[in-house]
Amino acid sequence: MHTNVATNHTKTEILQLLLQLGLTSGGSFAIWRKPKSNTVEIVLDDTTEPVKVGLSIEGLDPGFIVHPFADQADKKAYFIKANKYFSFEIDRPLDSDELPEWAKVQLNNQNRLSPEEIRELLINQTLVSKVQNSKLSEDKDHFTQLVKEGIKAIQEDKLEKVVPARTKTISIPSSFNLSCTLLSLMEAYPNAFINFFHLPHVGTWIGASPETLIETKGDIFYTMSLAGTQKATGDNPLKSVAWTQKEIEEQALVSRYIVSCFKKIRLREYEEHGPKTVLAGNLLHLRSDFRINMNETGFPELGSIMLGLLHPTSAVCGMPRREAHDFLQEYEGFDRSFFSGFLGPVNIQGSTSIYVNLRTASLHDNQATLYAGAGVTEDSDPEKEWEETELKCEIIGKFIQNPSA
């Protein structure tokens, strides 16, 4: 059945069409929905070799950037250029005529694929993806030992905080429906950055990040400090929450780091709001917001400057940053790949929104590898930190195993 016969499409059908367009193009693509938005967006670059770009984002073409946790020798990130772009509002049916011309042309030469065929296409395209996690990263004893090593390094004044991570691999069920999974994530997590990206021979990931790294729109620059985690309970979790000293201090460390970055570049005029409790999925966090007018302060390239200073944030690495990073390289025992790196649309519709790649999973073969970290301070309990990572893995994991969860 060709698409030009149909008129109205449901949001599930539209997402399926977009996934079909991406997966049959032979190129790279990303689909996302920003926090508190009803707009789903896609960029597609049908060149077969993934492209890399420098991190001076103000001068980049419109597209979608993806950077791993570790610094790259070439100081570059993967970039999906918006050779083709489309957006639609998720809360209304879409007419066939509203699809862009490039989508109609491509789809008119193809039969519509079923969710099962899209799953098959996805699995076949991720067979060649390299996932470099080791058995160590799945092991509970290894993780709790890692937490203990972190506490010891903090007690010895080598670190203030460290954020060890782990993985959990689950099978992708035969009933897996990628468009339903993405829609379920969008409905369940309205305040998260819901994303899916596919870079041939590099990686295929799905996520629901609660954390903005940097955002620029017009003259305004925005960032946040997000840390502290507990499970949301009761009828009104935002009202009944009580934070411990450990969690308050953990979040204050992240805020202090952002302010220290402003001082480093002699930026004195900024707005700080918070900390306040926010809901991300079934978890609560503490968040402070920072806003700066780039024109008034004379920092037109603040986005690129702060990207360089903030990544990796103390919320995914630790403090002091260099020492925490070295500790993780020595003891963590696996390659985080894109987990706790950054990703997001750049120079699209006049704005750039880059997020920390959290609450995320890598899809490969017939499996999904979930990633999660936990902020370790002197007061941490290794068993509780493990439980925190279990809760974080669940945020994406339950939707992969049961799309309508």
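Author: Let's start with one term: a polar contact is a pair of N or O atoms within 3.5 Å, where, within protein, one must be able to donate a hydrogen and the other to accept it. Please keep in mind that this is a predicted model.

Reader: Thanks! With which side chain does the side chain of serine 137 make a polar contact?
Author: Serine 137 sits in the loop between α3 (115-126) and α4. Leaving aside neighbours within four places in sequence, serine 137 is in contact with Arg166, Thr167 and Phe334. The side-chain partner in the polar contact, at 2.7 Å, is threonine 167.

Reader: Is serine 137 buried or exposed?
Author: To count as buried, a residue must have under 20% relative accessible area. Serine 137 has a relative accessible area of 1%, so this residue is buried.

Reader: Which side chain is joined by a polar contact to that of threonine 369?
Author: Threonine 369 has its place in strand β21. Its relative accessibility is 0%, so threonine 369 counts as buried. At 2.7 Å, the side chain joined to that of threonine 369 by a polar contact belongs to histidine 364.

Reader: What about helices: how many of the nine residues of helix α9 are buried?
Author: Helix α9 covers residues 302-310. The buried residues in α9 are Leu302, Gly303, Ser304, Met306, Leu307, Leu309 and Leu310. Helix α9 is therefore largely enclosed by the rest of the structure, and its number of buried residues is seven.

Reader: Which helix gives the most to the largest nonpolar core?
Author: The largest nonpolar core has 66 residues, and Phe64, Ile65, Phe197, Ile214, Met306 and Ile354 are those with the most contacts inside it. With six residues (the helix runs over 140-155), the helix that gives the most to this core is α4.

Reader: How many residues are in the other core that lies apart from it?
Author: Among the residues of that other core are Ile14, Leu99, Ile170 and Ile395. It lies apart from the largest core, and its number of residues is 48.

Reader: Which residues does isoleucine 214 touch, not counting residues up to four places away in sequence?
Author: Isoleucine 214 is one of the residues with the most contacts inside the largest nonpolar core. Beyond four places in sequence, isoleucine 214 touches Ile57, Phe221, Tyr222, Gly303, Met306, Leu307, Leu310, Thr352, Ser353 and Ile354.

Reader: Now for the empty spaces: which element gives the most to the lining of the largest cavity?
Author: The largest cavity has a volume of about 210 Å³. Its lining has 21 residues, with Ala315, Leu358, Arg359, Gly373 and Lys392 lying nearest the centre. At least two lining residues come from each of β14 (220-231), β21 (367-373) and α11 (382-401). The element that gives the most, with four residues, is β14.

Reader: How many nonpolar, polar and charged residues are in the lining of the largest cavity?
Author: The lining holds 21 residues. By class, they divide into ten nonpolar, five polar and six charged.

Reader: Where does the largest share of the lining of the second largest cavity come from?
Author: The second largest cavity has a volume of about 50 Å³. Its lining includes Glu211, Leu213, Thr223 and Met224. Two or more lining residues come from each of β14 and α7 (245-264). The largest share, three residues, comes from α7.

Reader: And how many nonpolar, polar and charged residues has the lining of the second largest cavity?
Author: Val254, Tyr257 and Ile258 are among the residues of this lining. Sorted by class, the lining has six nonpolar, three polar and one charged.

Methods: Residues numbered from 1 in each chain as written. Predicted model: local features only at pLDDT ≥ 70, side-chain atom pairs only at ≥ 80, totals over all residues. Heavy atoms only, no water. 1 Å grid on protein atoms, 1.4 Å probe; cavity = no way out; pocket = protein on both sides within 12 Å on 5 of 7 lines; lining within 4 Å. Points joined across faces, edges and corners; volume = space filled by probe spheres on them. Nonpolar A, V, L, I, M, F, W, Y, C, P; charged D, E, K, R; others polar. Buried < 20%, exposed > 50% of the residue type's maximum accessible area, 1.4 Å probe, protein only. Core = buried A, V, L, I, M, F, W, Y, C linked by side-chain atoms within 4.5 Å. Contact = heavy atoms within 4.5 Å.
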